[in-house]
Amino acid sequence: MSEFIFNPQTTNSVELTLLLAQGQITSVQIVQTYLTHIEQHNPSLNALISQPPRENVLREAAKLDQERQNGKLRGPLHGIPIILKDCFTTASSLGMSTTCGSLALVGARAPKNSAIVQKIIDGGLIILAKANMTEFCGMKMTYMMPGWSAHGGQTLSPYAPGGSSTGSAVSLASGFAPLAMGTETIGSIITPTSRNALYGLKPTVSAQDTTGMFTMTEFYDSPGPMAKSAADIRALAGLLLDRDFDAPDMGSWKGLSVGIVDPRLWTLDESMCRQHDGTAENMVEEYHLPCPEVPWATHEYVEHLQLADARGTDWEFNNICLPKFLTTFDDFPIRSVKDIVQFNLANKERAMPEPYTEQNDLIKAMNSNEPAAAVDALKATLRAKARGVLDTAFDEAGVKVLVGTCDSAFCVHAAAAGYPVCAVPLATLRYNGRPFGLCAVGRADGEEALLRFMAAYEAAMPARAVPEL
């Protein structure tokens, strides 16, 4: 076999799969390349929170190479590496922890993988590492820096931090793997995807089995793929959703109706998204001057509903999601939000160092005592309201996909509606070179329309910005 060297920062999983099929490279060689790249650059970026023993990963890669030689392929991503956000529970036998970034969960042992992790392994992917994340997806302290956790420290993006899946996005942009998994409540896939010039997808809420993984809320949360190309998102989404997205018209604008919203109207409150002077204007300018080949559709929908802030999250986190997640660990003393609050107080110097000396969100969740029926009613009202806004937009404009900027109210509306949402790279800010992207939302189970949009968009636009490490 001839030696082949690929660029880990730009090569995607579809390209690696082709090289594997042609016998030009092995999974062992792919893994060795990524591990070397990680050793070089992760110390300065701190994107990863735990890695399995090197020999374990290489042994798994060799096993998958042998299966390929024997004519047995587990799926289209057989032998391809992936990085998981640290809220995806991995069995302790794999040699990685699952902490959600919390020191309170260090040492917890899980007897088995979460459902999605097992699906990924069964599909033939190789887990290279777990990515750092905003601790408990941000459910610890208000205004905590994205990508910081007490256990993992601060992830430093080659561009800029953003969203609780920061470690996953930085890992991809930095070339630590061709694929990564993130999770999103409101913006935690879309924001880091946008700020790292990547492609990302949050599938329809409840479309996947989230058994065994951490979720902040079942109402908003959905895990999803992140990658450097639309084709990679399509391949991993097919595995996750058990659907075949390789339609003949994939990548074509034909029959794909896309509506755009006015970015000056669909804005976020400054408390949710503080921007440098000139940022909004820079984004709007690029938004209205896209590649002329892109048919920004014939419809424009500008009405913007001011949805209430996410509510019911505290109660669900305290009473349902965290207790359920903690049952995945064997014989571990932490079993509730109250246990975590007490642990943090008893270990303040490490668990709550300057400037993150509070845990007000955890305390607020711990004290949430609304009647379950009232929370359910609130969520039902919010979902109906959000779907009413988006469905009206889809129907009146006659489109399958609505597009806006990532730094907008799109993620809020999509999360409240439970609808799928994706991000694609657009441009970079003039003042600091940080990437930003477009955000697109579809109807429930409308992932295929979003994947078609991503593929057609990628084919028409310039290549994504690649950071210099």
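These legends walk through several close-up views of a predicted model. Local features here need pLDDT of at least 70 and side-chain atom pairs count only at pLDDT 80 or more, while totals for chains, interfaces and linings use all residues. Residues are numbered from 1 along each chain as its sequence is written, and side-chain values use heavy atoms, with hydrogens and water left out.

**View 1. Glutamate 67 pairs up with arginine 74 in a salt bridge.** The cut-off for a salt bridge is a side-chain nitrogen of Lys or Arg within 4 Å of a carboxyl oxygen of Asp or Glu, and that rule gives a count of 14. For this pair, the closest N and O atoms are 2.8 Å apart. Glutamate 67 is the buried partner, at a relative accessible area of 10%, whereas arginine 74 is partly exposed at 26%. As for those words, buried is under 20% relative accessible area, exposed is over 50%, and partly exposed is in between (1.4 Å probe, protein chains only).

**View 2. A salt bridge joins glutamate 218 to lysine 324.** N to O, the contact is 2.7 Å. It ties together distant parts of the chain, 106 residues apart: glutamate 218 sits in the loop between strand E7 (199–202) and strand E8 (222–227), and lysine 324 is in helix H9 (residues 313–326). Those labels are DSSP runs numbered from the N terminus, with helices (H or I) of at least four residues and strands (E) of at least two. Both ends are partly exposed, glutamate 218 at 38% relative accessible area and lysine 324 at 49%.

**View 3. Lysine 379 and aspartate 376 meet within helix H13.** Their side chains make a salt bridge at 3.9 Å, N to O. Both residues belong to helix H13 (residues 372–397), 3 residues apart, or about one turn of the helix. Lysine 379 is buried, with a relative accessible area of 12%, while aspartate 376 is partly exposed at 45%. Bring Glu316 into the frame too: Glu316, Asp376 and Lys379 are linked in a network of salt bridges.

**View 4. Aromatic rings: phenylalanine 214 against phenylalanine 325.** Rings of Phe, Tyr and Trp (its six-membered ring) count as a pair if their centres lie within 6.5 Å; planes under 30 degrees apart are stacked, over 60 edge-to-face, and the rest tilted. The structure has 11 aromatic pairs. In this one, the rings sit edge-to-face, 5.6 Å centre to centre with 75 degrees between the planes. Here too the link spans distant parts of the chain, from phenylalanine 214 in the loop between E7 and E8 to phenylalanine 325 in helix H9, 111 residues apart. Both phenylalanines, 214 and 325, are buried. They also belong to one aromatic cluster, made up of Phe136, Phe214, Phe317, Phe325, Phe329 and Phe332.

**View 5. Arginine 383 over the face of phenylalanine 219.** The distance to the ring centre is 3.9 Å. To qualify, NZ of Lys or CZ of Arg has to be within 6 Å of the ring centre and within 35 degrees of the ring normal.

**View 6. Cysteines 406 and 422, neither in a disulfide.** A disulfide is a pair of cysteine sulfur atoms within 2.5 Å, and the structure holds 0 of them. For cysteine 406, the nearest cysteine sulfur is that of cysteine 439, 4.8 Å away. Cysteine 406 is buried, at 5% relative accessibility. Cysteine 422 also has the sulfur of cysteine 439 as its nearest, at 6.9 Å, and is buried at 0%.
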